[in-house]
Number of protein chains: 2
Amino acid sequence: MLSDLEHAVLGIVWIEQPCTAYAVRVVFQKSPSAHWSGSAGAIYPLIRRLERDRLLRSAARRGDKRGTRLYRLTDGGLAALKAWLRPPLPPVSGLINMDPLRVRIRFLGALPKRERRAVVGEAQDKLREFLPQVKSEVRQARTSGDTPQYLISRGVLISVRAQLAWLAEVGRTL
Amino acid sequence: MLSDLEHAVLGIVWIEQPCTAYAVRVVFQKSPSAHWSGSAGAIYPLIRRLERDRLLRSAARRGDKRGTRLYRLTDGGLAALKAWLRPPLPPVSGLINMDPLRVRIRFLGALPKRERRAVVGEAQDKLREFLPQVKSEVRQARTSGDTPQYLISRGVLISVRAQLAWLAEVGRTL
DNA sequence: CCGCTCATGTAACTGGTTACATGATTTA
DNA sequence: TAAATCATGTAACCAGTTACATGAGCGG
């Protein structure tokens with residue numbers, strides 16, 4: 001019934017509660033993936049919907065003159081989050097991610113050989129430049145003892161390394 | 001200007017031409033990722049748009065009484081495809097894929113420990129079941145000499161293995 | 001000739017986006 | 001006190017989905 005974004009919002013509120021809708025937006029904006037922008041037009045109506053459906057509840061922050069509200073999960077919200085996490089998981093097709101690099105490389109043959117190398121090279125550069133940032137996030141999460149965040153950062157790191165390994169293969173075979 | 005889907009359609013037509021809009025749909029439907037469904041409501045209007053903008057051209061298949069049309073890339077279409085492939089690539093945020101598994105695992109702490117293991121276990125099972133299929137696609141592409149398809153399948157394989165490696169880590173640290 | 005696949009199409013909807021706007025609060 | 005950030009909101013739009021519908025071509 002709820003979309004992945006809505007479930008993710010429940011999850012973020014579960015982690016950050018009590019928190020504002022704005023804080024939820026920031027989480028998406030800071031995410032390394034551009035999949036969800038965390039735009040105001042998406043988040044505020046979505047959160048109102050979740051509150052209307054009693055999955056979130058909110059209270060005004062005392063002494064705050066803008067409409068700032070602090071959200072928490074209700075029991076129903078926690079149940080919805082759990083139901084989403086629990087098996088059965090979606091079919092594999094829903095687990096295989098869409099790699100924007102892969103869809104490009106698929107058509108690389110449309111470019112002359114020299115330009116192909118340039119594309120692969122630039123992709124490698126961009127990903128390699130990104131590595132230190134991910135690594136520092138891994139370190140930071142580990143030293144601060146934030147295990148879930150540590151695992152997520154590890155996931156990103158492993159995924160980026162896999163992309164780099166694949167790009168190396170692509171570069172080798174043209 | 002054009003979306004990723006539109007560019008991907010240009011790419012598919014470039015590979016398969018001359019081909020029907022239906023053939024393009026089938027490519028998306030057979031793709032291991034569920035990101036684009038290849039639904040009729042997406043593809044047919046999109047292809048008409050591309051033809052209107054002179055990026056595709058089409059001809060009726062002779063002796064065919066349904067409106068079946070065979071599409072090809074125009075010079076402009078090939079140029080648009082190349083421009084999309086060529087550097088500059090999108091920023092890293094556009095290169096990092098959204099892993100649906102990762103967004104779930106992020107909130108795994110909402111589940112009691114025993115259930116967490118079950119989630120990780122099921123994800124591993126589903127991905128492992130999927131491996132033989134990918135491997136056979138790799139073999140098939142290699143023996144048939146279809147280098148681009150070989151590289152794509154390799155990409156999927158590497159990505160799935162990376163997910164499995166990560167899941168193993170997740171399982172180890174709870 | 002029946003059923004499956006090929007082939008195209010549309011209407012209603014959904015789940016987001018961009019862009020804009022407003023105003024409170026904090027910080028330099 | 002100005003600038004940056006926090007915080008909420010909406011209107012117009014867009015890209016894609018689901019679901020439905022139609023009919024030709026083809027293999028058993």
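## Close-up views of a two-strand DNA complex

**Packing of helix H1 in chain B.** The buried residues of H1(B) pack against five elements of chain B: helix H2 (21-30), H3, strand E1 (56-60), strand E2 (69-73) and H4. A contact here means heavy atoms within 4.5 Å. Helices (H or I, at least four residues) and strands (E, at least two) are DSSP runs, numbered from the N terminus. Helix H1 covers residues 4-16 of chain B, 13 residues in total, and spans 18 Å from its first C-alpha to its last, close to the 18 Å expected at 1.5 Å a residue; that expected span is 1.5 Å times one less than the number of residues. Among its buried residues are B:Leu5, B:Val9, B:Ile12 and B:Val13. Buried means under 20% relative accessible area, exposed over 50% and partly exposed in between, using a 1.4 Å probe and protein chains only.

A few ground rules for all the views: this is a predicted model, where local features need pLDDT of at least 70 and side-chain atom pairs count only at pLDDT 80 or more, while totals for chains, interfaces and linings use all residues. Residues are numbered from 1 along each chain as its sequence is written, chains are lettered from A and ligands numbered from 1 in the order in which they are written, and side-chain values use heavy atoms, with hydrogens and water left out.

**DNA strand D and its protein surroundings.** Of the 22 residues around DNA strand D, the nearest are A:Tyr44, A:Arg61, A:Arg66, B:Ser37 and B:Ser39; a residue is near a strand if one of its heavy atoms lies within 4 Å of it. Sugar and phosphate make up 69% of the strand D atoms within 4 Å of the protein. For polar contacts (pairs of N or O atoms within 3.5 Å), look for the side chain of A:Arg61, with an N or O atom 2.4 Å from a phosphate oxygen of strand D. A polar backbone atom of A:Tyr22 is 2.9 Å from a phosphate oxygen, whereas a backbone N or O atom of A:Gly41 lies 3.4 Å from a base oxygen. H3(A) gives the largest share of this surface, four residues.

**DNA strand C and its protein surroundings.** Here, too, 22 residues surround the strand, and the closest are A:Ser37, A:Ser39, B:Tyr44, B:Arg61 and B:Arg66. Sugar or phosphate accounts for 70% of the strand C atoms within 4 Å of the protein. Phosphate oxygens of strand C lie 2.3 Å from a side-chain N or O atom of B:Arg61, 3.1 Å from a polar backbone atom of B:Arg69 and 3.2 Å from a side-chain N or O atom of A:Trp36. H3(B) gives the most to this surface, with four residues.

**Aromatic pairs.** Across all chains, the structure holds four aromatic pairs. Rings of Phe, Tyr and Trp (its six-membered ring) pair if their centres lie within 6.5 Å, with planes under 30 degrees apart counted as stacked, over 60 as edge-to-face and the rest as tilted. The rings of A:Phe107 and B:Trp84 are tilted, with centres 6.4 Å apart and planes at 45 degrees. A:Phe107 sits in the loop between helices H5 and H6 of chain A and B:Trp84 in helix H4 of chain B, so this pair joins two chains. Both are buried: A:Phe107 at 4% relative accessibility and B:Trp84 at 8%. B:Phe28 and B:Trp36 form an edge-to-face pair, 6.0 Å centre to centre and 80 degrees between the planes.

How values were computed:
Polar contact = N/O pair within 3.5 Å; in protein donor to acceptor, adjacent residues only side chain to side chain.
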